[in-house]
Amino acid sequence: MRLFQIFAFLFSVLVIKYKDATDGIGFSSDEQNAGDASAKLVLLLLCYLANGFRRFSFTWPQFRVELFSTHFHKHKDLIHDVSFDFFGKRMATCSSDQSVKVWDLNENEEWICTSSWKTHSASVWKVTWAHPEFGQVLATCSFDRTVAVWEESIVENASSQLNHIWINKTNLVDSRTSVKDVKFSPKHLGLQLASCSSNGVVRIYEAPDPMNLTHWSMQHELLCKMSCSCISWNPSTYRYHAPMLAVGCDDPSNSTGGKVFIFEFSYALRDWVKIKMIMTITDPVNNIAFAPNMGKKHHVLAIASEKLYIYNLNPRLNGEHNQSSSEQSDISLQEVAHFADHNSKITRLSWNDFGTILLSTGDDGKVFLWMANYMDIWKRVGTIKNDSLNPFELELVKNVPSSGETSGQKSSRISFKRFTQTRGPPPEKPLEPVYKGAYY
Amino acid sequence: MEEPDSDNANEIVVYDLLMEHHALHAHWQSGHSLMAFASTDTLASVDQPRDVSQHPIYLHEIHWNREMHSPVARKLVNESRLVFVGVQQQAEISGKPTKSQLLKFSRNYRSILQSCFMELRQKFEGSEEFDEELEKQMQLYSMMELIWSLCEILFIENSPDGTVLIQLVEWCKWHFPVADDYVRLCYNADDYGSPAQHPNYWPAIYTLALQGRTSEVREMLKLHPAFQTQEHDPFASIDELLRKMPIFSYHQSQSTNEFEMKWRHWHDECIKRFYGGDFDTMPNLKTLSRILCGDEGIIQELTELYGSWYQMLISYLYFKNPTISVSELHYHTKAFIDIFGGQSELGPLDRILLAAFKFDVSQVIRECCKHLGTWWLPTHLADLLHYCDLVPLSITESGTNVREHLIVEYTSSLSNFDSFWPVVVDYLSFCGSLSNHYLGLFVQRIPLSSEKKAAKVIRICEKRGLLKEVESICRQMKMKSMQHNRLGTALSWCIKANDSSFAMIIADKMLKEYARTGLFSNIDLIDYLGSSVLMSESLTFLGKYRDFHKLYAAEKFKDAGQLLLNLLMSRKAPLDFWPSLLMDCLPLLERNNLIYDVEETTGLLACLNVLDQKQKIFDSMTEIERENQEKKMKHLRLALTNNLAKAIVS
């Protein structure tokens with residue numbers, strides 16, 4: 001009897017601790033099913049035993065919008081995509097008005113549109129930069145079923161000013177339907193380009209001679225049998241990681257099975273092999289993104305569907321010392337987190353440079369920032385909302401010069417009441433002591 | 001502790017009329033900045049004309065955590081970097097820094113904060129207008145200093161027996177100069193005749209007493225007209241108590257027990273005199289004696305005068321339990337927080353300090369992250385405490401530990417600014433097992449604005465073993481120089497990157513330029529190619545051809561002639577360069593002494609004939625050039641036949 005009591009007591013303590021801990025790290029317990037919860041409980045218990053687990057979660061510091069500048073954009077229609085070069089100093093925008101614009105950051109930290117040209121004969125979906133080691137190269141894809149590659153050349157005009165001219169190097173016209181996404185490969189794979197179109201074909205092109213971008217040859221054609229919407233290269237430069245591609249499909253029917261495919265290049269077969277399909281995601285996928293990776297052995301993949309999913313991909317490297325023998329490296333998928341905070345479908349994803357913060361945008365008009373704490377537990381750390389202008393702000397925006405200067409400054413940092421409550425400015429520390437002995 | 005509505009904590013509102021109908025999209029720029037715009041993903045409805053012209057189309061640039069942009073913050077960043085690197089190096093040399101070393105580093109950080117604060121204050125006082133931004137900065141810095149010094153006392157400096165009150169009292173004295181303000185007011189007011197008449201006279205005495213500055217209290221009391229030294233006088237009695245108050249110090253070779261005995265004796269004396277009615281005639285002195293007795297009620301009465309719960313807590317404990325240890329502090333916090341309105345009334349700073357009093361390091365760091373709006377303090381504090389073994393370690397395979405996590409966040413808040421890149425590199429270098437991962441990611445995003453910067457970045461990469469990045473940087477620089485048509489620079493980057501195919505392209509370009517203009521633009525570079533000429537055939541040819549020029553200039557005609565012949569016969573030269581090569585023979589043929597024998601001359605003639613057949617290269621020339629070329633060829637043929645004749649005869 002006594003033994004039973006002790007057990008009951010222990011169990012209740014554990015449950016409380018578990019609740020405590022899970023609350024602190026961002027899992028609400030109703031999201032977990034029972035089996036999951038017990039697994040987590042065991043894990044947490046182990047944590048307790050091993051390290052004296054403490055509740056520890058990070059919270060993002062308060063946003064402080066220091067510069068809130070709006071640029072009057074000369075596009076005549078909605079912008080579809082914005083892409084930054086590797087250094088964040090140049091920006092390319094593409095729009096429904098069939099044009100692409102390139103913006104440069106000048107010395108005063110203002111964005112100046114340096115070139116603008118008509119690229120396609122229909123809406124331009126995506127624009128993307130190649131790595132700077134291949135020069136200043138852009139690729140665009142469009143509803144008009146083509147992918148175009150552009151290279152910048154700087155020309156001195158009559159009045160000895162430098163003109164930026166973007167030259168059309170090639171049009172890739174293999175697709176028979178709208179091309180939804182285009183991405184350059186990570187730089188260590190050379191100059192390759194992957195595109196996916198709405199009839200479910202992923203094409204991989206390569207420019208054998210980086211000096212001659214007019215010549216692109218189609219290397220591979222991968223079939224997904226479903227309308228593809230997005231594509232992402234695995235950026236890992238780790239030696240034993242074979243090139244990898246993730247493709248997302250936006251087929252609206254739930255019955256067609258998994259919507260995310262992972263392809264890997266097999267050196268033995270000299271072809272891309274489908275190694276994984278994520279069966280659990282049956283809703284249409286709108287965007288997919290690998291986190292930047294330079295030396296971590298596992299990859300992080302974010303998927304935007306009805307929910308936001310974050311997966312860890314752990315390649316099992318069986319033939320580390322004999323690369324050619326590893327026919328098809330086995331990979332294990334592990335869902336790290338999923339969030340339905342948007343309450344609607346999620347449309348875009350974007351990682352920061354270090355791959356520590358993920359940004360997601362949803363159809364609800366909100367932008368969320370996500371961050372993992374040091375225990376790999378993801379949590380929402382920030383929100384950007386939109387609001388239609390009220391009359392006061394309308395005036396504010398109207399007064400902004402079209403060059404795009406700071407329109408309004410807004411600080412949302414808390415004020416430290418205790419300090420300012422009674423005494424005004426912060427505590428004064430006399431420079432010269434009034435009399436000896438009062439200060440050190 | 002419950003977190004206040006963390007969901008709504010960080011919100012930015014973007015104003016855009018377009019968003020009524022379209023969703024907001026955003027994209028990372030770099031560091032802590034985003035670009036947001038209204039867009040749509042409903043692909044089906046696209047390409048139908050939409051009425052968007054009524055609203056302008058905006059791009060919204062959003063930044064945050066940009067405190068590090070101000071000149072004072074720059075100083076903070078650059079100077080604290082040196083201390084940070086010092087800590088890491090110390091740790092590398094001796095395994096783990098000792099307590100005293102850590103204390104030294106901690107004081108270094110604090111002095112940097114202090115000097116930044118001073119600079120801000122000077123600016124603030126120097127500026128004509130009231131500067132809100134500066135005032136905010138000043139608040140931030142004084143707050144950081146306050147938090148840091150408390151953490152230093154509690155976490156780093158704790159003495160062997162765990163007593164902290166002396167330091168805490170000092171901390172109060174230094175950071176909350178309330179008492180000094182009162183004292184100054186008393187001394188400076190001429191309207192009241194003497195300081196003792198001043199309305200702030202007693203508040204000054206109380207606050208001095210609360211801060212444990214007994215000798216100053218005595219000085220003040222002596223100014224009172226009723227002060228007398230006779231026995232049984234209330235002033236004399238309190239003066240004696242103040243004089244005899246034992247002060248604990250670890251350094252005075254005094255054991256805790258010994259001190260406690262002394263102190264208890266003194267405390268009993270205080271209570272005895274208080275109840276004995278010694279001070280009944282003077283209500284002010286009665287209040288003062290109640291402070292000395294450690295009376296809780298009086299502390300409540302004086303809050304208006306003195307300050308917040310932590311100051312009160314420290315004063316109370318100073319007179320009630322002066323040998324309290326760090327671990328016992330938190331038992332007393334609740335009572336004082338309740339006096340000040342309970343948990344709900346706590347501001348962000350209170351929460352940080354409370355966590356420190358509770359000795360909850362993680363909570364301190366968490367609260368600092370949340371409320372300070374800068375990663376500076378949590379990062380550096382966590383780093384120091386990491387070496388005190390106070391920061392919890394990582395338990396998952398994939399997770400980094402807290403310290404590394406914070407370092408990455410701190411650096412990414414700096415990475416928006418180009419000039420901070422060496423600082424970022426320094427911090428990331430000491431980021432544990434993943435430092436190369438982060439360094440690699442960061443290095444490839446450093447804008448290579450100049451050759452010098454590129455060289456610096458390369459040196460760092462080489463030191464850290466990021467050879468792929470080195471290659472990549474060289475390629476980028478090469479492309480850049482090519483775009484601006486600087487062949488020489490491009491070639492030198494090529495050689496660094498060991499990129500033979502590209503070296504060929506550049507060498508060909510250089511030869512073409514020579515064939516056209518007769519001049520090499522980068523003679524010095526070609527002269528110093530050294531062993532790198534072996535990288536590509538074209539480059540080898542270029543080097544050899546340059547050697548021919550040198551031999552010719554040195555009047556070693558025989559050698560020069562042989563070299564030229566070799567170049568031609570080996571067929572290494574690109575075809576369109578042959579005319580130039582053959583023309584170089586002409587002066588050699590026309591010399592008096594014979595250079596080429598029969599066989600060699602026939603070889604040259606064969607080359608000439610090959611050239612004649614390849615009309616292709618002449619296609620690109622203009623009419624005049626072609627005529628010129630034909631004339632030259634004729635001339636050359638004549639010279640060669642002459643030479644042949646001469647050779648046969650001799």
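## Exercises on a predicted two-chain model

Leaving aside neighbours within four places in sequence, B:E600 touches B:Q562, B:L565 and B:I595, where contact means heavy atoms within 4.5 Å. Before we go on, some ground rules: this is a predicted model, with local features needing pLDDT of at least 70, side-chain atom pairs counting only at pLDDT 80 or more, and totals for chains, interfaces and linings using all residues. Residues are numbered from 1 along each chain as its sequence is written, chains are lettered from A and ligands numbered from 1 in the order in which they are written, and side-chain values use heavy atoms, with hydrogens and water left out.

**Exercise 1.** Work out whether B:E600 is buried or exposed, and find its polar partner.

*Solution.* Start with the location: B:E600 is in helix α30 (residues 598-613) of chain B. Helices here are DSSP runs of H or I with at least four residues, strands are runs of E with at least two, and both are numbered from the N terminus. Next, accessibility: B:E600 has a relative value of 17%, so it counts as buried (under 20% relative accessible area; exposed is over 50%, partly exposed in between, with a 1.4 Å probe and protein chains only). Finally, its side chain makes a polar contact with that of B:Q562 at 3.1 Å. That term takes a pair of N or O atoms within 3.5 Å, one able to donate a hydrogen and the other to accept it; residues adjacent in sequence count only if both atoms are side-chain atoms.

**Exercise 2.** Classify the ring pair A:F354 and B:Y438, then place it in the structure.

*Solution.* First the geometry: the ring centres lie 5.8 Å apart and the planes meet at 85°, so this one is edge-to-face. The rule pairs Phe, Tyr and Trp (six-membered ring) with centres within 6.5 Å; planes under 30 degrees apart are stacked, over 60 edge-to-face, the rest tilted. Then the location: the pair crosses between chains, from the loop between β22 (346-351) and β23 (357-362) of chain A, home of A:F354, to helix α21 (residues 435-443) of chain B, which holds B:Y438. Both residues are buried.

**Exercise 3.** Now do likewise for B:F155 and B:F359.

*Solution.* These rings are also edge-to-face, at 5.0 Å centre to centre and 70° between planes. B:F155 sits in helix α4 (residues 132-156), while B:F359 is in the loop between α16 (348-357) and α17 (361-371), 204 residues apart. B:F155 is buried at 2% relative accessibility, whereas B:F359 is partly exposed at 29%.
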